[in-house]
Amino acid sequence: MRAQFVLSEIGVGLRRNLTMTIAVVVSVALSLALAGASLLVRDQVNSMKGYWYDKVEVSIYFCTKSDTRNSPQCVNGAATDDQIAAVKSSLDNMPVVQTSTFENSTDAYKHWKEMNPDNPLISVLGPEAIPQSWRVKLTDPTKYDVIQSAFAGKPGVKSVEDQRKILENLFGLLNGLQTAAFVIMVLMLFVALLLIVNTVRVSAFSRRRETGIMRLVGASNFYVQMPFIAEAAFAALLGAAMASGLLLGGHFFVQNWLASRVQFIHFIGLGSVLAVIPLLVVVGMGMAGIAAFFTLRKYLKV
């Protein structure tokens, strides 16, 4: 009987404050969707780091004839076969090196043209302008400094470059998006809290006669407060359901449309999204219930 009464009171409260309830549901949905998105962006960045850092290489570029005037480390001319072989010998004795692949000028020029088909320098430059290199894959991609310190400035070596520098800009952009989503999420959660507080206040004021009668017949504080807390929690549950739908919709958009067009990104799977949804439900309902409880202590004298 008591449960039936509480449920009926929830329905009455939601109908009396329909517009404010809708505002609470929408604001909670948006804030929780942003919260889930920020968590998924974090997982995406970590997944991409693990995927791409495992594939990046350190390139040891050798001097060419055209470098003698522009690069101080190449004043002695193009790298000789002995100098290239000496670098290979040193690489073979380094535990941090997993594999090393040599790329001659012809292959490097071919790859450069494939990556820059519209570059006007193609008609001017030849294979001799592209440096030969050792492409080194490390057992631990963070140990780039070991290769840098071992070969930078060696005879015939023009430069030592780490491909991670190219990826850092992408990861920096994604981390920036995550921070922006987090800031907006905090603002939306604050707006949602204000709406929940105001909704509970209006609901308590509009039903002050009923609560007064309940106090006269000896109803406990918890029994009087429970319908209001349940209303807020139910509205938050609807918002969490909407947020979950938005995240699932975004996931299916990414997997069915974006993934086929951006193939260099290893996107996270459905499991990551499903793992976030229960957290959104708990946070949403907990936030609403706690906000309603403390609001009632001040505005509902029981």
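This report describes the confidence, strand pairing and second largest pocket of a predicted model.

Residues are numbered from 1 along each chain as its sequence is written. Local features need pLDDT of at least 70 and side-chain atom pairs count only at pLDDT 80 or more, while totals for chains, interfaces and linings use all residues.

The mean pLDDT of the chain (the predictor's confidence in each residue, from 0 to 100) is 80, and 81% of the residues score at least 70. Among the elements (DSSP runs numbered from the N terminus: helices H or I of at least four residues, strands E of at least two), helix α1 (residues 2–16) has the lowest mean, 59, and helix α3 (residues 81–92) the highest, 90. Where pLDDT is low, the predicted coordinates should not be read in detail.

Strand β3 (residues 133–138) has 5 of its 6 residues buried, that is, under 20% relative accessible area with a 1.4 Å probe and protein chains only. Its pairings, each requiring at least two DSSP bridges, are as follows.

| Strand paired with β3 | Sense | Bridges | Facing residues |
|---|---|---|---|
| β1 (residues 58–62) | antiparallel | 4 bridges | Ile-60 and Trp-134 |
| β2 (residues 97–103) | antiparallel | 6 bridges | Glu-103 and Ser-133 |

The second largest pocket has a volume of about 460 Å³. Its lining comprises 19 residues, with Leu-40, Val-41, Gln-44, Val-254 and Phe-267 nearest its centre. Helices α2 (18–53), α6 (164–206) and α8 (221–261) each supply at least two lining residues, and α2 gives the largest share, 6 residues.

Conventions. Heavy atoms only, no water. Buried < 20%, exposed > 50% of the residue type's maximum accessible area, 1.4 Å probe, protein only. 1 Å grid on protein atoms, 1.4 Å probe; cavity = no way out; pocket = protein on both sides within 12 Å on 5 of 7 lines; lining within 4 Å. Points joined across faces, edges and corners; volume = space filled by probe spheres on them.
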